[in-house]
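Please walk me through part of this structure, taking one strand and one helix in turn.

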Amino acid sequence: MSTFGTLFRVTTFGESHCASVGAIIDGVPPGLQLSASDIQVQLSRRRPGQSNLTTPRDEKDLVHLQSGIEHGVTLGTPIALLVKNEDQRPKDYSETDLYPRPSHADYTYLAKYGVKASSGGGRSSARETVGRVAAGAIAEKYLREAYGVEVVAFVSSVGKIHIPSALASPTSSSDEDDIEDVLTPEFRKLLATITREEVDKYPTRCPHAETSERMTKRIIRAKEAMDSIGGTVTCILRNVPAGLGEPVFDKLEAKLGQAMLSIPATKAFEIGSGFRGTEVPGSKHNDAFVARPDGRLGTVTNWSGGVQGGISNGEDIYFRVGFKSPATISQAQATAQYDGTAGHLAARGRHDPCVVPRAVPIVEAMASIVIMDALLAQNARKTAASLLPPVTTLPPTMVLPPAHGPVRTCTKSDYEN
């Protein structure tokens, strides 16, 4: 389906070579100050043609707001917006009239619908994500202004090149249980402090100069070979309130996973310690609780990635998304036509040799949409409950104790030995 969300509902429309792409966003709270420039900044980060590492398709991706806003303020009614496609070249895809592109959605869309877009990827094209990014920018502005939520993504790997001290190194032959944390102190600091301004200093959107340079060379090597290469994007969400997520089927990490894996070219998703957490004993993996200075509970470590039992716990949420190498390449490939006739396909068209630099704002957008939807659901529950007479007969084991105010901040050393 083309609609995502329950209370904050985003419906995207458009294909890669139609007149326009865009979205209708329902559930935006009234009274939010919003202008086209609030949305444009993220669309410009997503747009093609940003550098020699991306597709040369030249789209300005200027957003046109159609409804739901007057005098720069949201009305609480559906917001419609569109972006015109201005640099389509349908004739570049004549080869795919006969050949389904290997590992692309040409064949599966035809098998499902019995008809497909005549050029490009249609709805399977990453062009569809324009509407997502625009909707995510709206969600993000509300989250930032109402709760101080920060959402920052960056490229953490391209091919076999990884940012130093990222998610722990591959499994070694040792079976020892002496691992201290899935993340090194340097990488934890990066997650706690990284900003979009720092990310955007590099064409790869990897905020590490030496690694970014190596990634650039790897992407150019793929491009010159008329090939492609994949990579990963890491995302960090800070200041997310505790209590978000709807167990059991709409757990917060389940919705984040669904959102991320709906992005074109994604093949993997892991949150917190991810697969590495399967290699660590519970005595090391458990996040011990600690009293924060404001009286709230926090955790000493964050192997959980900010989510426990499918519900946010107030710690930073971090996850990683894997993107495969783009399917459309100009290198000739032995394959078969739709009728089964063997042949070779060398696809034309303008395509990214690596999608992860431009995927960064898409990941941020989908994360913002998920948190926004979960927040509206939790606020609805809390508001409904607040209208009832207070219950004073429950045993202490069923409710949180009153906040104690400022307390001594515990550190990891309090839990050692």
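In this predicted model, the side chains of strand β10 alternate in direction: Gly 231, Val 233, Cys 235 and Leu 237 point one way, while Thr 232, Thr 234, Ile 236 and Arg 238 point the other way, and all are buried. Buried here means under 20% relative accessible area. Because eight of the eight residues of β10 (residues 231-238) meet that condition, the strand is largely enclosed by the rest of the structure.

Two strands pair with β10. Strand β8 (residues 150-158) joins β10 through eight bridges in the antiparallel sense; within this pairing, Val 152 has Ile 236 of β10 as its bridge partner. Strand β16 (residues 317-323) also runs antiparallel to β10, with seven bridges between them, and here Phe 323 of β16 stands opposite Gly 231.

Helix α6 (residues 209-224) comes before β10 in the numbering. Its 16 residues reach 23 Å from the first C-alpha to the last, close to the 22 Å expected at 1.5 Å a residue. The buried residues of α6 are Thr 211, Ser 212, Met 215, Thr 216, Arg 218, Ile 219 and Ala 222. They cover an arc of only 170° around the axis, and therefore lie on the same side of α6. The cover over these buried residues includes β8, β9 (161-162) and α9 (356-386). Strand β8 thus appears twice, as a pairing partner of β10 and as part of the cover of α6.

On the other side of α6, Glu 210, Lys 217, Arg 221 and Glu 224 are exposed. Just after the helix, Met 226 takes a positive phi of about 55°.

Note on methods. Residues numbered from 1 in each chain as written. Predicted model: local features only at pLDDT ≥ 70, side-chain atom pairs only at ≥ 80, totals over all residues. Heavy atoms only, no water. Buried < 20%, exposed > 50% of the residue type's maximum accessible area, 1.4 Å probe, protein only. Helix = DSSP H or I, 4+ residues; strand = E, 2+ residues; numbered from the N terminus. Pairing = 2+ DSSP bridges. Expected span 1.5 Å × (residues − 1). Arc of directions from axis to C-beta. Contact = heavy atoms within 4.5 Å.
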